[in-house]
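Dear colleague,

Please find below the structure I promised to hand over, together with its sequence. My notes on what was found in it follow directly afterwards.

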Amino acid sequence: MKINNIIFGIFAVVALTLTSCEKSFEELEKDPNRAVTAPPSLVLQGIEYDMYSTIGVPFSSSMRWNQFYAINYNYYGNNEYQWSEFQNHYVTLKNVVKMEEEAIRSGLDAVNVYSSLGKFFRSFFFDQMSVRAGDLPMADALKGIENVAPKYDSQKDIYIQILKWLDESNSEMTALIAKGNSQVSGDFYFGQDLKKWQKTVNSFRMRILIRLSKKESEAGLNVKAQFAEMLANPTKYPLMEGMADNLEFKFNNFNKYPSNPDNFGFDATRQNMAQTYVGLLTARKDPRVMVTAEPAGAQLKAGKLPSDFSAFIAASSGEDLSDMSNKAGKDNGAGFAPGEYSFQSRSRYYSNYTGENAFIIAYPELCFNIAEGINRGWATGSAEDWYKKGIKASQEFYGVKTGALTMTYSKTGGRAASDFATYTVNFSFDEYYAQALVKYAGNDAAGLEQILTQKYLAFFMNSGMEAYFNYRRTGFPKFMTGVGTGNSGRIAVRWQYPFSERTTNETNYKAAIQSQFAGKDDINDLIWLSK
């Protein structure tokens, strides 16, 4: 029996050895402790988070470049337009491909909720890169080892493809909703509702058409015709109808708003408000400034009331950083907040972890985009009606509407409950709108500037760098420059390509910068969109 057992054991070992030898190298290298597949719903969540976290979050450097606030302490940063490479979104786009593949692997039809969203995500992230740099690898990209050196597509071709994807995404969503296939498992933005996503897709398409305003007559784009068709067919192209339709990131005690009680001591006095933003609000006697900013301590010490719009003063982004630091840190004595400048609201941004929702694509922007298109003559309709809708939607987000408004400010600049005091301002939208700076001037250059100014104000701390992109496209509102903004007093107009392109795709990279910028990858050269 013992001999038989030994012989049996030998055969078992030999059999196991032979079986192992028959496995391919690809099979043997797989780590059994690591997943190689994932449900599309799980992959989706990572993509959705990237939509918020990688485009420019509140109180980040992106918002300084939007000139909403400024940093006054050079150890932690500056206000210069000296950026280099853009955020590489190809990693996220690879996850979009994987999400689509996993949806098919799980048994879904070729056209499914993830494939329709995939076209939107492609449009979104390719836009985020191209709007910063210009031409990009697109048609040859995302093919893995099949093509490790993809050629660059022209920016025009990129935006033609983006518009095509968005149209297809809308059509696919219409068909899926009609079949009752409207649940997007894993979605945390819209509660898994594909109907809400469809409104986002079309509202984003309106953004892209406005982005192309300098190319409104360019052959092959059909910018004006697409805009008019979408506006005239709300059933075919449903758009956002109110703030409840916003694509927005909501904060909680785990995913905290960037300015919160934890970092009050770190950045509260090192970040003051920027005059580009504050000045536009105070000139229009707009109470939004009282919600987002503190009255300047020096102005209150001089006898002004916190309800006085002239008590809100901010720094030019172009101011010398040492001068700004000295003024921001001025000691105003006991009972007064320090500094000559307004800081971000202590009660709104430093009293809790939720702050305010961060828009990614939102209803106020849509209203102003429609108003702008009508102003430019792309479609019939009332630009003024959409302009007013946009203003009201933005103001109401901050609790500003007709009636008595209770405002909170910090007497000392601190965030403790004992530091806070309240005051009341009476607001009438009709009186606000009747002001010459606000009341729509008509479908002309003056009216267009009003639309763009109000759109800029509605972009405060949201929508990534859309405020900057609109400034670069139109020149409105005028951004402030000086020694503090660096770059020889210029606002940079593009980003450089990622360093990895220069090392792993050198031939195509050099061809791209040669065709666009005469061989220089320079932040001061205009991309096709801006010409």
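**What was found**

S213 is buried, with a relative accessible area of 6%, and since the model is a predicted one, please read this value and those that follow as computed from predicted coordinates. S213 sits in the loop that runs between α8 (194-211) and α9 (223-232), and, leaving aside residues up to four places away in sequence, S213 is in contact with R376, W378 and R473.

Turning to the interior, the largest nonpolar core comprises 142 residues, and M51, F120, F121, W197 and Y468 are the ones with the most contacts inside it. The element that gives the most to this core is helix α6 (residues 113-133), which supplies 11 residues. Apart from this core lies another one, of 6 residues, which includes A70, A328, Y341 and F343.

F121 is a useful residue to look at when you display the core, as its contacts, not counting residues up to four places away in sequence, are L44, I47, E48, M51, L93, V96, M99 and W197. Two of these partners, M51 and W197, are also named among the residues with the most contacts inside the largest core.

The aromatic rings deserve a separate look, as a search of the whole structure finds 54 aromatic pairs. One of them is formed by Y90 and F126, whose rings are arranged edge-to-face, with 5.9 Å from centre to centre and 80° between the planes. Because Y90 lies in helix α5 and F126 in helix α6, this pair ties together parts that are 36 residues apart in sequence. Y90 is buried at a relative accessible area of 15%, and F126 is buried as well, with a value of 1%. A further pair is made by F120 and F121, which are tilted with respect to each other, at 5.6 Å centre to centre and 50° between the planes, and both of these residues are buried.

On the surface, finally, there is a nonpolar patch formed by Y73, Y75, Y76 and F266, which together have about 450 Å² of accessible area. Of these residues, Y73 is placed in the loop between β1 (69-71) and α5 (90-105), and Y73 counts as partly exposed because its relative accessibility is 35%, a value that falls between the 20% limit for buried and the 50% limit for exposed residues.

With best regards

Terms used:
Residues are numbered from 1 along each chain as its sequence is written. This is a predicted model: local features need pLDDT of at least 70, side-chain atom pairs count only at pLDDT 80 or more; totals for chains, interfaces and linings use all residues. Side-chain values use heavy atoms; hydrogens and water are left out. Patches are made of residues with over 30% relative accessible area and no salt bridge: like charges are joined within 9 Å, nonpolar side chains (Val, Leu, Ile, Met, Phe, Trp, Tyr) within 5 Å. Accessible areas come from the Shrake-Rupley method with a 1.4 Å probe; for residues, only the protein chains shown count as cover. A salt bridge is a side-chain nitrogen of Lys or Arg within 4 Å of a carboxyl oxygen of Asp or Glu. Helices (H or I, at least four residues) and strands (E, at least two) are DSSP runs, numbered from the N terminus. Buried means under 20% relative accessible area, exposed over 50%, partly exposed in between (1.4 Å probe, protein chains only). Contact means heavy atoms within 4.5 Å. A nonpolar core is a set of buried Ala, Val, Leu, Ile, Met, Phe, Trp, Tyr and Cys residues joined through side-chain atoms within 4.5 Å. Rings of Phe, Tyr and Trp (its six-membered ring) pair if their centres lie within 6.5 Å; planes under 30 degrees apart count as stacked, over 60 as edge-to-face and the rest as tilted.
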